[in-house]
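Colleague: I'd like to learn how to read a few local features in a model. Could you walk me through some?

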Amino acid sequence: ALLILQGMLDTDETYLIGHNGRGDLIWMFLHLQMKNIAERLKFDTMLAHHALNDTLPHDLTYLSNTMSDLGVYDTELNNYKRDNKINQKMLDADSYGMIPYDILALYSAKDVDATFQISEKLKPEIDNDPQLKYLFYEIIMPVTPAILEMELNGLDVDVPALLKLIDQYSEALRIIKDRLCELTLDPYFNPGSFKQIGKLVYGEPKKDASDNLINFGFIPVKA
């Protein structure tokens with residue numbers, strides 16, 4: 001099966017579309033021994049969706065439910081995992097080998113179908129925007145081989161320089177936090193708290209939920 005797959009992929013006419021495809025490229029590199037496989041990944045739906053709208057979820061379940069005719073298609077797989085008490089750690093150790101073939105094969109096929117359908121929706125949006133097209137095809141996608149190489153081989157780190165940067169940024173963060181404590185008159189102000197940051201930026205929330213939504217730029221519509 002691996003030889004058949006290798007023969008399908010190892011041609012100049014073949015290019016790949018993936019969703020977070022870099023994870024699949026690692027498997028292909030290790031098991032198919034295709035050193036140039038990263039260069040075949042020409043379109044990544046997760047990266048494309050992030051380039052178009054970085055505030056929305058980018059996982060395949062969300063995109064399949066909103067941009068394909070498959071909807072949520074992992075119910076049977078999730079039910080099997082739940083009924084048989086299979087957790088993610090067990091799956092990672094066994095590479096889904098404990099899932100029955102009929103369930104796994106259908107799920108995998110729909111993975112491919114969903115990714116292709118999503119790419120058909122996203123690609124025109126990317127291609128029709130000259131600036132976004134340049135960003136995606138000339139910067140985002142070409143950097144994939146370099147990132148893959150770092151993930152496989154590791155990256156040399158200048159430890160003294162790293163420690164120096166940690167000290168510098170830690171001191172800068174301390175100064176900023178102290179300034180925020182002064183501005184808020186709260187010695188225990190936590191910049192990591194969404195609630196406290198929201199209060200600082202928008203003020204006290206109003207008691208009426210509708211008024212509060214309007215304050216945040218949302219206008220509720222009654223049915």
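Modeller: Sure, we'll take a few residues one by one. Keep in mind that this is a predicted model.

Colleague: Let's start with Asp-44. Where does Asp-44 lie?

Modeller: Asp-44 belongs to strand 2, which covers residues 41-44.

Colleague: Is Asp-44 buried or exposed, and which side chain of opposite charge is nearest?

Modeller: For burial, the cut-off is under 20% relative accessible area. Asp-44 is buried, and the nearest side chain of opposite charge belongs to Arg-22, 6.6 Å away. A salt bridge needs the charged atoms within 4 Å, and Asp-44 has no salt bridge.

Colleague: Which backbone nitrogens does the side chain of Asp-44 reach?

Modeller: Here a polar contact asks for N or O atoms within 3.5 Å. The Asp-44 side chain reaches the backbone nitrogen of Gly-21 at 2.7 Å, and that of Asn-20 at 3.0 Å.

Colleague: Which residues does Asp-44 touch, leaving out those up to four places away in sequence?

Modeller: With that filter, Asp-44 touches Gly-18, His-19, Asn-20, Gly-21 and Arg-22, along with Phe-136 and Met-141.

Colleague: Now the surface. Which residues form a nonpolar patch there?

Modeller: The patch joins Val-157, Val-159, Leu-162, Leu-163 and Ile-166, and together they have about 430 Å² of accessible area. One of its members, Leu-162, sits in helix 10, residues 159-184.

Colleague: Why does Leu-162 count as partly exposed?

Modeller: Partly exposed covers the range between under 20% and over 50%. Leu-162 has a relative accessible area of 40%, so it counts as partly exposed.

Colleague: What about backbone angles: what is phi of Lys-85?

Modeller: The thing to look for is the sign of phi in a residue that isn't a glycine. Phi of Lys-85 is positive, near 55°. Lys-85 is in the loop between helix 5 (75-83) and helix 6 (88-94), and counts as exposed because its relative accessibility is 70%.

Colleague: And what is phi of Leu-185?

Modeller: Leu-185 isn't a glycine either, and its phi is positive at about 55°. This residue is in the loop between helix 10 and helix 11. Leu-185 has 77% relative accessibility, so it counts as exposed.

Colleague: Last one, Pro-187. Where is its place, and how many residues and Å separate Pro-187 from Lys-35?

Modeller: Pro-187 is in the loop between helix 10 and helix 11 (194-202), and is exposed at 63% relative accessibility. For separation, read sequence and space side by side: Pro-187 and Lys-35 are 152 residues apart in sequence and 55 Å apart in space, C-alpha to C-alpha.

Methods:
Residues numbered from 1 in each chain as written. Predicted model: local features only at pLDDT ≥ 70, side-chain atom pairs only at ≥ 80, totals over all residues. Heavy atoms only, no water. Helix = DSSP H or I, 4+ residues; strand = E, 2+ residues; numbered from the N terminus. Buried < 20%, exposed > 50% of the residue type's maximum accessible area, 1.4 Å probe, protein only. Lys, Arg positive; Asp, Glu negative; His and termini not counted. Polar contact = N/O pair within 3.5 Å; in protein donor to acceptor, adjacent residues only side chain to side chain. Contact = heavy atoms within 4.5 Å. Patch = residues over 30% accessible without salt bridge, like charges linked within 9 Å, V, L, I, M, F, W, Y side chains within 5 Å. Areas by Shrake-Rupley, 256 points an atom, 1.4 Å probe, with all protein chains shown as cover.
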